[in-house]
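Reader: I am new to this structure and would like to be taken through it step by step. Could you begin with whatever I need in order to follow the rest?

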Amino acid sequence: MWYNNILETIGNTPLVKLNTITKHVPGTILAKIETTNPGNSIKDRMAVKMIEEAEKSGKLKPGGTIIEGTSGNTGMGLAMAAIIKGYKCIFTTTDKQSKEKVDALRAFGADVIVCPTNVEPEDPRSYYSVSSRLEREVPNSWKPNQYDNLANSQAHYEQTGPEIWEQTEGKITHLVVGVGTGGTISGTGKYLKEKNPNIQVWGIDTYGSVFKKYKETGIFDKDEIYPYITEGIGEDFLPANVNFDVIDLFEKVTDKDAALMTRDIARKEGIFVGNSAGAAIGGLIQLKDKLKPEDVVVVIFHDHGSRYMGKMYNEDWLRERGFLQDEKLTAKSILAKKESTEIVTLDAQKSVLEAINTIKSMNISQIPVTQQGMIVGKIAESDILSALLENPGLKSAPISEIMTATFPFVDLNTSIDKISSLINKENSAVLVEDETGKIEIITQYDIINAISG
C-alpha cells in the first residue's frame, strides 16, 4: 500500500508511555508523538483543514497566495500543503523564533518576513499586522489566521481527539497541552469531554502570557504581558480558538524549567521534541499532587527537537540565560583552577623593539595591546618576524602599526567547548573579565590543566 501524496500521511501518530522523566508522577503518563507527522509537528493537521475549508468557501482560489503569521510549525504544514495543491506562501514570524524554523520554511519555497517580537499585536511592525497588510496588498491572497480560524480546533476535534480516545480505549482521565492558538487543546478537549465529561483538560501556559489569569478571574490583564523565551505557547491576546469552557485549569511554567525539561525528555526518554513538550511535562510535574495512581494522562508532544538546535539544545545559549549551571567546565571554573597571574600588556605607542624585549624577557609568544587602558589588539612573535623581514626599519615604529585583532572576549559562563573552538592558529588565547572587573587570559595550557586537575 502507498499514499498518493505526503498529506495523506498526516495523523495516526503514536502514543508512547513515559517511564523515567515522570516516574514520580502518579498514573500512566502517555505522550502523543506528533513529530511523526510529515512536517514534524501537530500543526500539519490544522494547516490542511484550514486550506480545505477555505477552498470549499471560495476564499482560497486556484494559484492563490497563502499569507500567515506563524512561529514556524503552522507555516511548515501550510507550505507542504501549498506545494501539493499549487499555492504560493508568504509567512511573517518573530525574531524570537529559532533560525532553524525560518530556514525550514524557506526550504519549502516560502517567503519569510521576520518581525520584532516585543511590540503590541496592533503595532504595524508586529507579525500579525504585517501579515494582515500583505493580505490586503497581494492579489488573490488568503490569510488562514490560525488564531481565530475555527477550522484549527475542528481539525483536532475530528482527528486528534478520536485518535487519543481509541488509543487509550477510552481510559484517558487527563489531557495536558501547551496552549498557543488554542486549537489543539480546545478541539481535542471538546471531543474527549463529549465522550466522558469527567476528563480533566489542563492547559500549560508561560509567564508573560495572559491565559491563566483570564481563566481564573475573567480579567484580561495587560500587566501580565512581558517578553518570554518559551516558544509555541502563551499569548498576549485571546485567540478565538481558546475555548476556556473546555479547559479546566492553566498552569504556568518558567522559561528555564521548560528549556531544561525539553532537554531532559531527549536524554531520559530518547524522544527528541521541541520546547512546548518541555513546558507541558514541567507543568504536569508541578500538578502531580492532583493525580492518582489509576489515572491515564495524555500529554501532547507538539513538535520536533531539530527546530531548537540553536536554543534549548545549545549549552552556550542556555548558559547565557543562566539556565544551565556548571555541569561542564566554564571560563569561571578554568580561572579558579589556574594560578592568578598579572596579565602582561603593552601600550599601542610602545616601539616594536620594546615588544621584542618584553617577549624575550617574559618568555611569552603573544601580548595584548592596550590604548588608554583598553585592550585594542595583540602582538605576536610571528607578527613581529614577518613585519621585520619585510621592513627591518620597523623596530622603532609603534606596535600599533603591526598589531593584529585582539584575542576574543568570553564571559565567565562560556563553556569549555566554546573556548576551545575560539583558540586556533590566529588566537592562542581568549580574554575574560573576572568578577572584580580584572581582565584574565585563558590559554590552551590552562584548559588542559583544568581538565586534568
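Author: One convention comes before the pockets are described: Ala, Val, Leu, Ile, Met, Phe, Trp, Tyr, Cys and Pro count as nonpolar, Asp, Glu, Lys and Arg as charged, and the others, Gly among them, as polar. Please also keep in mind that this is a predicted model.

Reader: With those classes in hand, how do the residues of the lining of the largest pocket divide?

Author: The largest pocket has a volume of about 740 Å³, and 46 residues line it, with Lys 96, Tyr 128, Tyr 228, Gly 234 and Glu 235 lying nearest its centre. Sorted by class, the lining of this pocket comes to 16 nonpolar, 22 polar and eight charged residues.

Reader: Which element gives the largest share of the lining of the largest pocket?

Author: Helix H2 (73-85), helix H4 (127-137), E7 and helix H6 (183-195) each supply at least two residues of that lining. The largest share, which is three residues, comes from H6.

Reader: Why does the largest pocket lie between two domains, and which domains are they?

Author: The chain is divided into domain 1 (6-41 + 150-321), domain 2 (45-142) and domain 3 (331-452). Two of these give residues to the lining of the largest pocket, and it therefore lies between domain 1 and domain 2.

Reader: How far apart do the C-alpha centres of domain 2 and domain 3 lie?

Author: Domain 2 covers residues 45-142, while domain 3 covers 331-452. Between the C-alpha centres of domain 2 and domain 3 there is a distance of 49 Å.

Reader: Turning to the sheets, which are the edge strands of the open sheet of six strands?

Author: The order of this sheet is E1-E2-E10-E7-E8-E9, and its pairing is mixed. A strand at the edge pairs on one side only, and this holds for strand E1 (15-17) and strand E9 (249-253). On average, and with direction ignored, neighbouring strands of this sheet are turned against each other by 25°. The edge strands asked for are thus named as E1 and E9.

Reader: Which residue in E2 stands opposite Leu 15?

Author: E1 and strand E2 (residues 28-33) run antiparallel and are joined by three bridges. Opposite Leu 15, in E2, stands Lys 32.

Reader: At about what angle to E2 does helix H5 run?

Author: Helix H5, formed by residues 151-167, lies across E1, E2, strand E7 (174-178) and strand E10 (296-301). Relative to E2, the helix H5 runs at about 140°.

Reader: In the open sheet of three strands, what is the bridge partner of Val 430 in E16?

Author: This sheet has the order E14-E15-E16 with mixed pairing, and its edge strands are strand E14 (409-410) and E16. Strand E15 (residues 429-433) is joined to E16 by five bridges, and the two run antiparallel. The bridge partner of Val 430 in E16 is Ile 442.

Reader: Which residues are the closest to the centre of the second largest pocket?

Author: The second largest pocket holds about 330 Å³ of space, and strand E12 (366-371) and strand E16 (439-443) each supply at least two residues of its lining. By class, that lining has eight nonpolar, five polar and two charged residues. Of the 15 residues that line the second largest pocket, the closest to its centre are Val 344, Ile 364, Gln 366, Ile 441 and Thr 443.

Definitions and conventions. Residues are numbered from 1 along each chain as its sequence is written. This is a predicted model: local features need pLDDT of at least 70, side-chain atom pairs count only at pLDDT 80 or more; totals for chains, interfaces and linings use all residues. Side-chain values use heavy atoms; hydrogens and water are left out. Two strands pair if DSSP finds at least two bridges between them. Helices (H or I, at least four residues) and strands (E, at least two) are DSSP runs, numbered from the N terminus. Axes are lines fitted to C-alpha atoms, for helices over the stretch in contact, and angles run from 0 to 180 degrees between N-to-C directions. Contact means heavy atoms within 4.5 Å. On a 1 Å grid over the protein atoms alone, a cavity is a set of points where a 1.4 Å probe fits but cannot get out, and a pocket is an open set with protein on both sides within 12 Å along at least five of seven lines; lining residues have an atom within 4 Å of a point. Grid points are joined across faces, edges and corners, and a volume is the space filled by probe spheres set on the points. Domain bounds come from an automatic or database domain assignment.
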